[in-house]
Amino acid sequence: MTARVLITEDEPNIVESLTFILKRAGYDVSAVADGEAAVRRLRGDPPDIMILDLMLPKLNGFDVLKLVKTDTLLRSLPVLVLSAKGQAYDRQLAEEIGADAFVTKPFSNRDIIEQIGRLCPAAG
Amino acid sequence: MAQTVIGFKIRDRRRALGITQAALSARLGISASYLNLIESNKRNIGGALLKKIADELGVAVDLFDGAAERRLVNDLAELSGESIFSALQLAPAAAGDFASQHPQWAQALVMLHRAYHDRNEAVTALSDRLNQDPFLGDAIHSMLTNVAAIRSASEILENIDELDAAEQHRFLAIIAAESARLADVAQALAAFFDRARSSTRSVTPIEEVDDFIQEKESHFPQLEQAAVGIRAATGIGPGHVESALIDYLRQHHAVETRIAPLLAPDVAGPHAHGHYDPERRQIVLLETAPAPTRRFELARLVARLECGELIGAEIAASPLLGTPAARRRAERALHAYVASAVLLPYDDFLDAAVAARYDIDYLCHKFGASFEQVCHRLVTLKQPGREGIRFGFMRSDPAGYVTKRFPLPYMSLPRYGNACPLWAVYQAFQTPGVMVRQLAEFPTGDRYFFLARAVDKPLPAFSAAKHLISIMLVCEAIHADQIVYGDGLDLSSAAPTTPVGPTCRLCVRRNCALREEDPIINA
């Protein structure tokens with residue numbers, strides 16, 4: 001069963017690159033561009049792993065993360081937090097809420113693939 | 001405290017100029033033997049004669065009467081309260097000795113203190129700018145996002161061999177597009193930092209102008225004369241002040257006056273009630289500006305158009321105004337001075353003030369002036385032989401920031417930071433519009449009469465919040481019986497007073513309930 005990745009990121013060019021490399025690594029990839037759309041997807045059709053940007057329109061990344069990690073059904077979903085605000089404060093807050101991994105922009109593609117692979121192998 | 005030895009200073013100066021006692025005394029209209037007594041400190045002189053001597057010897061009167069020294073001592077005393085010196089336990093009382101024995105070194109210390117404050121302000125402002133300017137946070141976020149897209153796409157192009165032409169093209173396009181956006185952000189950041197470098201202003205021009213005005217004791221005789229001339233020429237009289245000024249500007253300077261509902265924000269600052277456009281020869285006054293403000297703006301424009309040379313000479317002659325910024329500021333202050341003298345003519349104003357026992361509301365009505373304008377004018381009534389009560393003046397906003405100060409020679413007003421919280425100037429905020437009077441006694445035993453009122457700050461447009469400023473006049477308690485506001489107060493030497501200090505840090509009253517900060521010195 002191919003693992004499914006949901007990318008929650010509002011920058012289309014980053015979504016395109018990430019989609020390309022994740023597909024190449026054997027994942028099924030879909031994307032949403034804002035926090036509210038992410039919540040709808042999570043409730044309706046949850047993925048196997050999520051890449052979550054912190055700066056999102058409508059509902060911000062921290063709120064989405066909190067929603068996932070406090071929900072009994074969703075809390076086991078691995079979340080890799082991606083952020084341009086790489087300050088220690090944000091990292092610590094994300095970890096407190098329950099993020100499984102934290103990657104700062106600009107990232108290297110290899111890092112993403114390694115972290116995703118660690119949390120959720122492509123072929124499940 | 002060292003005594004100011006006026007006589008010796010006069011003698012030194014006279015000798016430096018190579019003038020004999022006989023010659024100088026002849027010019028002064030006194031006998032040579034009397035001059036000798038003066039120079040030997042066997043006679044106290046003051047006022048008019050001292051001024052004459054100073055003029056004949058070509059120096060400012062405060063060189064002799066010690067006013068410059070007293071200011072230096074006050075500045076040193078304030079400096080001694082700085083927290084960086086707390087471990088030294090500087091005794092403010094020793095400032096007097098230091099100032100009289102080593103005046104240049106003392107002055108150097110004061111100058112360093114000002115420069116220190118200047119740097120602190122600039123550093124704080126720059127630091128705040130870096131930490132809190134939303135533009136910077138946004139710019140950095142954009143940059144990181146653009147670079148992330150570029151890096152990810154670049155890695156794909158570099159590491160993956162099996163890209164087809166379409167895919168290659170796609171990722172190259174991403175790099176091109178993101179690089180362009182990154183370039184914009186980088187340029188905006190460069191511009192931001194360029195502005196930051198050039199835009200920290202010094203706070204010292206305000207102080208230079210302060211010193212300049214204090215050195216002249218807030219009185220400029222030549223400007224007073226010019227104002228008399230202007231008033232006569234404009235034909236200002238009771239009931240036709242504004243119209244007389246408008247007509248005068250039109251007839252003598254071809255300047256038209258226009259009333260407008262708003263001022264264009266790019267030409268006038270947010271506090272401006274009027275703006276003069278020299279190219280179109282037009283002064284625009286705000287519709288909402290109160291009448292005293294409109295009159296003042298018009299009078300100020302006349303001063304600007306007619307007294308340029310006189311004011312320029314006054315400023316050029318002062319060694320205290322070292323920077324162009326200070327000179328520009330002083331120029332504006334002197335325009336305002338002339339305007340005030342035109343609208344509140346010296347003789348009439350002084351006579352009315354004395355007759356009304358300094359009833360400020362009466363003076364406001366009689367001259368159609370604002371509370372602040374009247375108070376400020378009271379400070380300038382220093383014409384030798386025709387003086388009013390000597391007043392100090394302080395204007396504070398509700399946060400305690402002092403925006404205007406004219407200290408008395410022996411009672412200083414703080415330059416940095418706030419004063420004692422007991423002072424009437426702060427109490428006045430609790431009862432806006434009401435005159436608060438206070439008989440204040442300092443730890444030295446000196447007693448002063450404080451008179452303060454919080455008034456509305458005139459704002460150009462409707463504002464839901466009330467904005468107040470508090471204005472305080474100060475005079476020696478001994479004069480309070482000449483002031484209507486002293487009526488009903490027990491002014492005798494045994495009278496109860498409010499025990500105050502200069503500011504908590506410098507004050508020795510240990511048991512004061514309002515003490516905010518430990519004193520620097522352990523009394």
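Why does B:A254 count as exposed? In this predicted model, B:A254 has 9 C-beta neighbours inside 10 Å, and therefore counts as exposed. The residue stands in the loop between α12 (242–253) and β1 (256–260) of chain B. This report returns to its backbone below, after an account of confidence, chain A, the contact between the chains and the cores.

**Confidence**

The model has an ipTM of 0.90 and a pTM of 0.63. For chain B the mean pLDDT is 86, with 93% of residues at 70 or more. Within chain B, helix α16 (residues 346–355) has the highest confidence, at 97, while helix α6 (residues 95–101) has the lowest, at a mean of 82. Where pLDDT is low, predicted coordinates should not be read in detail.

**Chain A**

Chain A contains 5 helices and 5 strands. Read from the N terminus, its elements follow the order β-α-β-α-β-α-β-α-β-α. Of the 124 residues in chain A, 40% are buried. Of the contacts in chain A between residues at least 6 apart in sequence, 60% link residues that are at least 24 apart.

**Where the chains meet**

Between the two chains, 14 residues of chain B are in contact with 16 residues of chain A. On the side of chain B that touches chain A, two or more residues come from each of α8 (134–159) and α9 (165–198) of chain B. The greatest contribution to that side is made by α8(B), with 11 residues. Sorted by class, the side of chain B that touches chain A consists of 8 nonpolar, 3 polar and 3 charged residues.

**Nonpolar cores**

The largest nonpolar core comprises 96 residues, and B:V338, B:F450 and B:M472 have the most contacts inside it. Helix α15 (residues 324–343) of chain B supplies the largest share of this core, 9 residues. Another core, of 43 residues, lies apart from it; A:V29, A:V81, A:A99 and B:A149 are among its members. When neighbours within four places in sequence are left aside, the contacts of B:F450 include B:W423, B:A440, B:M472 and B:V474.

**One helix and its buried side**

Which residues of helix α3 (residues 32–39) of chain B are buried? They are B:L35, B:I38 and B:E39. These residues lie on the same side of α3(B), because they cover an arc of only 95° around the axis. An α-helix has 3.6 residues a turn, so residues three or four places apart point the same way. The buried residues of α3(B) pack against α1 (6–16) and α2 (21–28) of chain B. Just after α3(B), B:N41 adopts a positive phi of about 60°.

**Backbone exceptions**

Most residues other than glycine have a negative phi, and most peptide bonds are trans. The table lists some departures from this pattern.

| Place | Feature | Value |
|---|---|---|
| B:Q89 | positive phi | near 50° |
| B:A254 | positive phi | near 50° |
| A:K105 and A:P106 | cis peptide bond | omega about -10° |

B:Q89 belongs to the loop between α5 (67–80) and α6 of chain B. Because B:Q89 has 10 C-beta neighbours inside 10 Å, this residue counts as exposed. A:P106, in turn, is placed in the loop between β5 (101–104) and α5 (109–119) of chain A.

Definitions and conventions:
Residues numbered from 1 in each chain as written. Chains lettered and ligands numbered in written order. Predicted model: local features only at pLDDT ≥ 70, side-chain atom pairs only at ≥ 80, totals over all residues. Core = buried A, V, L, I, M, F, W, Y, C linked by C-beta atoms within 7 Å. Buried ≥ 20, exposed ≤ 12 C-beta atoms within 10 Å, placed from the backbone. Helix = DSSP H or I, 4+ residues; strand = E, 2+ residues; numbered from the N terminus. Contact = placed C-beta atoms within 7 Å. Nonpolar A, V, L, I, M, F, W, Y, C, P; charged D, E, K, R; others polar. pLDDT = per-residue confidence, 0-100. Arc of directions from axis to C-beta.
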